[in-house]
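Biologist: I am new to this structure and would like to learn how to read its features one by one. Could we open it together and begin with a single side chain?

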Amino acid sequence: MMEREWRTECELLLSGNSEATPAEHKRFNLAYPQSHCPYCDARIQPWQNTPIISYVLLKGRCGNCRASISIRYPIIELIAGLLALLAAMQVGASWALFPVLILVWALLTLTMIDIDHQLLPDQITLPLLWLGLALNAFGLFVPLTDAVWGAIAGYLSLWSVFHIFRLITGKEGMGFGDFKLLAALGAWMGWQMLPIIILLSSLVGAVVGSLLLIAQRKGRSTPIPFGPYLAGAGLIAFFWGKTLIENYLQFAGIH
């Protein structure tokens, strides 16, 4: 959707006519066109789109042309289901579970998009930020003041690192989407959780990123998406952040 939007805007700019519509421009969003096989364009029926079950019944192949279906589909569906179960176990059977499900599924979506394209779309990060602030306006997870300062501090912390790194090296170390994602996490959990999110994501990112570079035999200049580590650290902080902080304070003899 983003790539088509960029292409359309470029075509309009090059045409010099802001009212012109490119000839190849077609409606393309989450609802249209309907789910279909990328090989034969056959429409995927609702009973063929049941998470995991349909993949097993179809034996991993299109019901029309028998083309192979990527194993990625049931894996992501399974992860989404496990995250929903984890959220239900942590939050319990209350209306608060619904926004938590939005959070965990949005973070999963952002993770996969960032891995594929090294992008964290504003269409997901910004609504997630505003939803966190709106929910905490009623004190659902943290007081509104903590949520507001969490969003501000989350954005400014990575924004500052970005500009300091660029001044020192002349290169851009991360994308603007990372700032917005951390701001969204701050809006949901408050500024108190930002240190643990940044610490966890940085440590895991450094270790896993180094291992991936070694395994793929790539140089240090190879870009690595940081969004998945922020998302993972955000989930850990959301579900177990307070416990981790309390255990650390007890270990350090402060609490």
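Biologist: Is Phe 176 buried, partly exposed or exposed?

Modeller: This is a predicted model, and what I describe is computed from it. The label depends on relative accessible area, where under 20% means buried and over 50% means exposed. Phe 176 has a relative accessibility of 41%, so it counts as partly exposed.

Biologist: How many aromatic pairs does a search of the whole structure find?

Modeller: Searching the whole structure gives ten aromatic pairs. Take Phe 141 and Phe 238 as a case: their ring centres are 5.3 Å apart and their planes meet at 70°, and because an angle over 60 degrees counts as edge-to-face, that is the name this pair receives. Phe 141 sits in the loop between helix 5 (122-136) and helix 6 (144-169), while Phe 238 belongs to helix 9 (residues 227-251), so the pair ties together parts that are 97 residues apart in sequence. As for exposure, Phe 141 is partly exposed at 23%, whereas Phe 238, with 16% relative accessibility, is buried.

Biologist: And what kind of pair do the rings of Phe 162 and Phe 176 form?

Modeller: That pair is edge-to-face as well, since the ring centres of Phe 162 and Phe 176 lie 5.3 Å apart with the planes at 70°. It links distant parts of the chain, with Phe 162 in helix 6 and Phe 176 in helix 7 (residues 176-189), 14 residues apart. Phe 162 counts as buried, its relative accessibility being 1%.

Biologist: Which residues do ring pairs link into a cluster?

Modeller: The cluster joins Phe 141, Trp 188, Phe 238, Phe 239 and Trp 240 through ring pairs. A ring can also have a charged group over its face, and here Arg 4 lies over the face of Phe 28, at 4.1 Å from the ring centre.

Biologist: Which residues have the most contacts inside the largest nonpolar core?

Modeller: They are Leu 107, Met 189 and Ile 197, in a core of 47 residues. Several helices give two or more residues to this core, including helix 3 (72-91), helix 7 and helix 8, and helix 4 gives the most, with ten residues.

Biologist: Turning to empty space, what is the volume of the second largest pocket, and which residues lie nearest its centre?

Modeller: The general idea is that rolling a probe the size of a water molecule over the atoms shows where empty space is left. In this model, the second largest pocket has a volume of about 1,200 Å³. Its lining is made of 39 residues, and Gly 173, Met 174, Pro 223, Ile 224 and Phe 226 are those nearest the centre. The largest share of that lining, seven residues, is given by helix 8. Sorted by class, the lining of the second largest pocket has 17 nonpolar, 14 polar and eight charged residues.

Biologist: Finally, which peptide bond is cis, and where is phi positive in a residue other than glycine?

Modeller: As background, most residues other than glycine have a negative phi, and most peptide bonds are trans. The bond from Tyr 32 to Pro 33 is cis, with omega near -5°, and Pro 33 is placed in the loop between helix 1 and helix 2 (53-57). Positive phi values occur at Lys 59, near 55°, and at Arg 66, near 65°. Lys 59 is in the loop between helix 2 and helix 3, and Arg 66 is also found in the loop between helix 2 and helix 3. Lys 59 is exposed, with a relative accessible area of 68%, whereas Arg 66 is partly exposed at 40%.

How values were computed:
Residues numbered from 1 in each chain as written. Predicted model: local features only at pLDDT ≥ 70, side-chain atom pairs only at ≥ 80, totals over all residues. Heavy atoms only, no water. Phe/Tyr/Trp six-rings, centres within 6.5 Å; stacked < 30°, edge-to-face > 60°. Helix = DSSP H or I, 4+ residues; strand = E, 2+ residues; numbered from the N terminus. Buried < 20%, exposed > 50% of the residue type's maximum accessible area, 1.4 Å probe, protein only. Lys NZ or Arg CZ within 6 Å of the ring centre and 35° of its normal. 1 Å grid on protein atoms, 1.4 Å probe; cavity = no way out; pocket = protein on both sides within 12 Å on 5 of 7 lines; lining within 4 Å. Points joined across faces, edges and corners; volume = space filled by probe spheres on them. Nonpolar A, V, L, I, M, F, W, Y, C, P; charged D, E, K, R; others polar. Core = buried A, V, L, I, M, F, W, Y, C linked by side-chain atoms within 4.5 Å.
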